[in-house]
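Student: I have a new model on my screen. Can you show me how to read its helices and sheets?

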Amino acid sequence: MSHGPRSGLYAVSSALLAMSRHLEVRDVLKTIVASARELLDAQYAALGVPDDHGGFAQFVVDGVSDAQWKAIGPLPRQHGILAAMLREARPERLADVRTDPRFEGWPEAHPDMSDFLGLPIRDGDEIIGALFLANKVRSGGQPCPAPDGRCGFTEDDEELLTILAQHAAIALTNARLYERSRELTIAEERSRLAHELHDAVSQKLFSLRLTAQAAATLVDRDPSRAKGELQHVAALAAEATEELRAAVIELRPAALDEDGLVATLRTQIQVLDRAHSARVTFASHGVRALPASQEEAMLRVSQEALHNALRHSGATRVDVTLDRRGPGAVLHVSDDGSGFDPTAIRSAGRHLGLVSMRDRTSGVGGTLTVESAPGKGTVIEMEVPGG
């Protein structure tokens, strides 16, 4: 092939591994674009994921500075060459895109592009994206003198990009499935929390009703006691209001992506502390941002451990800590509950979600340890390596 040592097997293998390493759709898109630009010696690369309204749901570029991208303006529409790739599902290799009859004027701030190579990314019969490159460059970074035929993208380039696009389709489809699975998990977790909060509020309201009835019977024969009961009613009403406010806050969409692991854990634990009679605490020291998949796994393991402690162990206190350990982090969840025999994995392990916790932990390269004994409480520790 004509694009130098980076097109060797090692470079191609590295690019494919990089694409499969990420689980977030946005990260996969960025990796595909950067890999394609590097492997094929292009000055610019971009990938668009079409929506159903003539535009792009996502559009990722490489080789364009943040200032240039901001100056270009709104995302492109599905027109011209881009529309042709999406509609006709075939590669487009042009010596000079500006001379093609389908070319439409680009924004004034758009970089000048000449030689062009693009093709659709397909998942079966569905076109899930359009990947394209512009301005083939010589070794040393010098632009090719397109369109005089001595440079520009070659048939070998097209073949390599086709291979890359096929693997990109797999990586992108896997990332989409992961995100959908995560959305379902979040929905299930929100439903569980809603149930817990509903139980807590219902208990407060039941107590409030009984206390109000007691006050009503005492108004005539013991006004002083009735006054005390009414004060209790006011206190219970205030507590119920707090629980409802917590429910509204907690049942917003999960804030892990926006707020990070520490803030998300702190918020959820504050809610659980209010919703349960057990004391639930949280502390964190020096934790840096972790890869998204590791933060997701730590959040889910902590939620499972908290659920076990608060629903099954009879604990009066649950303590959660999240601390930095090297480039990674360690999660520690301990309770003073009834405990169990961790060797009885067939019964207790599945009942308490230990199998799920171990799977989540190993899935991100972490380690999980469980210490417990009947009557001695439980300690669960999860460590992840960081990025």
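Tutor: Start with the rule for angles. Axes are lines fitted to C-alpha atoms, and angles run from 0 to 180 degrees between N-to-C directions. Keep in mind that this is a predicted model.

Student: How are two packed helices described?

Tutor: Two packed helices are described by the angle between their axes and the distance between the axes. Take helix 8 (residues 292-311) and helix 10 (residues 354-363): their axes come within 9 Å and cross at roughly 165 degrees.

Student: Are helix 8 and helix 10 roughly parallel or antiparallel to each other?

Tutor: Angles over 145 degrees count as roughly antiparallel. Helix 8 and helix 10 are therefore roughly antiparallel. The crossing of helix 8 past helix 10 is left-handed.

Student: Which residues meet in helix 8 and helix 10?

Tutor: From helix 8 come Ala297, Arg300, Val301, Glu304, Ala305 and Asn308. From helix 10 come Met357, Arg360 and Thr361. By class, this contact has 4 nonpolar, 2 polar and 3 charged residues.

Student: At what angle do helix 7 and helix 8 pack?

Tutor: Helix 7 (residues 256-275) packs with helix 8 at about 5 degrees, and their axes are 11 Å apart. Angles under 35 degrees count as roughly parallel, so helix 7 and helix 8 are roughly parallel to each other.

Student: Which residues of helix 7 meet helix 8?

Tutor: On the helix 7 side, they are Leu256, Gly260, Leu261, Thr264, Leu265, Gln268, Ile269 and Leu272. Their counterparts in helix 8 include Met298, Leu299, Leu306 and Leu310. The contact of helix 7 with helix 8 divides into 9 nonpolar, 5 polar and 2 charged residues.

Student: Now the sheets. What is the strand order in the sheet with mixed pairing?

Tutor: Read across the sheet, not along the chain. The order is 6-7-8-10-9, in an open sheet of 5 strands. Its edges are strand 6 (279-285) and strand 9 (367-372), each pairing on one side only. Neighbouring strands of this sheet are turned by 10 degrees against each other on average, direction ignored.

Student: Over how many bridges do strand 8 and strand 10 pair?

Tutor: Strand 8 (residues 328-335) and strand 10 (residues 378-384) pair over 7 bridges, in the antiparallel sense. To find the register, look at Ser334: its bridge partner in strand 10 is Val379.

Student: Where do helix 7 and helix 8 touch this sheet?

Tutor: Helix 7 lies across strand 6, strand 7 (317-325) and strand 8, at about 165 degrees to strand 6. Helix 8 touches strand 6, strand 7, strand 8, strand 9 and strand 10. The direction of helix 8 makes about 5 degrees with that of strand 8.

Student: What is the strand order in the sheet with antiparallel pairing?

Tutor: That open sheet of 5 strands runs 2-1-5-4-3. Strand 2 (56-62) and strand 3 (92-94) are the edge strands. The twist averages 15 degrees from one strand to the next. Strand 3 pairs with strand 4 (residues 116-123) over 3 bridges, in the antiparallel sense. Among the bridge partners, Arg93 has Leu117 in strand 4.

Student: Which strands does helix 4 lie across?

Tutor: Helix 4 (residues 80-88) lies across strand 1, strand 2, strand 3, strand 4 and strand 5, running at about 140 degrees to strand 5.

Student: Last point. Where is confidence lowest and where is it highest?

Tutor: Check pLDDT before you trust a detail. The chain has a mean of 80, and 81% of its residues reach 70 or more. Confidence is lowest in helix 9 (residues 345-351), at a mean of 47, and highest in strand 8, at 96. Residues 1-7 stay under 50. Residues 346-350 also stay under 50, and the model has 7 contacts for them beyond four places in sequence.

Terms used:
Residues are numbered from 1 along each chain as its sequence is written. This is a predicted model: local features need pLDDT of at least 70, side-chain atom pairs count only at pLDDT 80 or more; totals for chains, interfaces and linings use all residues. Side-chain values use heavy atoms; hydrogens and water are left out. Helices (H or I, at least four residues) and strands (E, at least two) are DSSP runs, numbered from the N terminus. Angles under 35 degrees count as roughly parallel, over 145 as roughly antiparallel, 65 to 115 as roughly perpendicular and the rest as oblique. A crossing is left-handed if the near helix is turned anticlockwise from the far one by less than a right angle, and right-handed if clockwise. Contact means heavy atoms within 4.5 Å. Ala, Val, Leu, Ile, Met, Phe, Trp, Tyr, Cys and Pro count as nonpolar, Asp, Glu, Lys and Arg as charged, and the others, Gly among them, as polar. Two strands pair if DSSP finds at least two bridges between them. pLDDT is the predictor's confidence in each residue, from 0 to 100.
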